[in-house]
Amino acid sequence: MANALQAPKELTSELEAIVGKGPMPRTEVTSKVWAYIKANGLQKESDKRTIVPDAKLGAVIGNDEINMMKMTGKISKHIK
């Protein structure tokens, strides 16, 4: 039996705009969010732990700069 991190979960449309159509496991969501952040240059140059969201990511985590550790909690609200 798969653990909770590997079980496919439903995603909100805002999160699907970033990671693609769900359902998918949390581990895959995390990996795809990071791929999106890196592909779009959304890390602050002076501190790579700080994420500067664009409009799409802002719909999921808010529009303010955020520490990568706090970002996970915001993303969790978009996983059902």
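A: A polar contact is a pair of N or O atoms within 3.5 Å; within protein, one must be able to donate a hydrogen and the other to accept it. With that in hand we can read this structure, which is a predicted model.

Q: Which backbone oxygen does the side chain of His78 reach?

A: The His78 side chain comes to 3.2 Å from the backbone oxygen of Val60. As for its place in the chain, His78 sits in the segment that follows α4 (68-76).

Q: Is His78 buried or exposed?

A: Buried means under 20% relative accessible area. His78 has a relative accessible area of 12%, so it is buried.

Q: Which residues is His78 in contact with, leaving aside neighbours within four places in sequence?

A: One group of partners is Glu10, Leu11, Thr12, Glu14 and Leu15. The others are Ala59 and Val60. Val60 thus appears in the contact list and also supplies the backbone oxygen reached at 3.2 Å.

Q: Turning to the strands, what is the order in the open sheet?

A: The sheet has three strands in the order β1-β2-β3, with antiparallel pairing. Its edge strands are β1 (43-44) and β3 (66-67), each of which pairs on one side only.

Q: How many bridges join β1 and β2?

A: Two strands pair if DSSP finds at least two bridges between them. Here β1 and β2 (residues 47-51) are paired in the antiparallel sense over two bridges. Gln43 has Ile51 in β2 as its bridge partner.

Q: How many salt bridges are there?

A: A salt bridge is a side-chain nitrogen of Lys or Arg within 4 Å of a carboxyl oxygen of Asp or Glu. The count by this rule is five. Among them is the pair of Glu16 and Lys21, with the closest N and O atoms 3.5 Å apart.

Q: Which of those two residues counts as buried, and which as exposed?

A: Glu16 counts as buried because its relative accessibility is 17%. Lys21 is at 67% relative accessibility and therefore counts as exposed.

Q: Which residue forms a salt bridge with Glu45?

A: Lys48 does, with 3.4 Å between the closest N and O atoms. Glu45 is exposed, its relative accessible area being 67%. Lys48, at 43% relative accessibility, counts as partly exposed.

Q: What about Asp47: which side chain does it meet in a salt bridge?

A: Asp47 meets the side chain of Arg49, at 3.2 Å from N to O. Asp47 has a relative accessibility of 26%, so it counts as partly exposed.

Methods:
Residues numbered from 1 in each chain as written. Predicted model: local features only at pLDDT ≥ 70, side-chain atom pairs only at ≥ 80, totals over all residues. Heavy atoms only, no water. Helix = DSSP H or I, 4+ residues; strand = E, 2+ residues; numbered from the N terminus. Buried < 20%, exposed > 50% of the residue type's maximum accessible area, 1.4 Å probe, protein only. Contact = heavy atoms within 4.5 Å.
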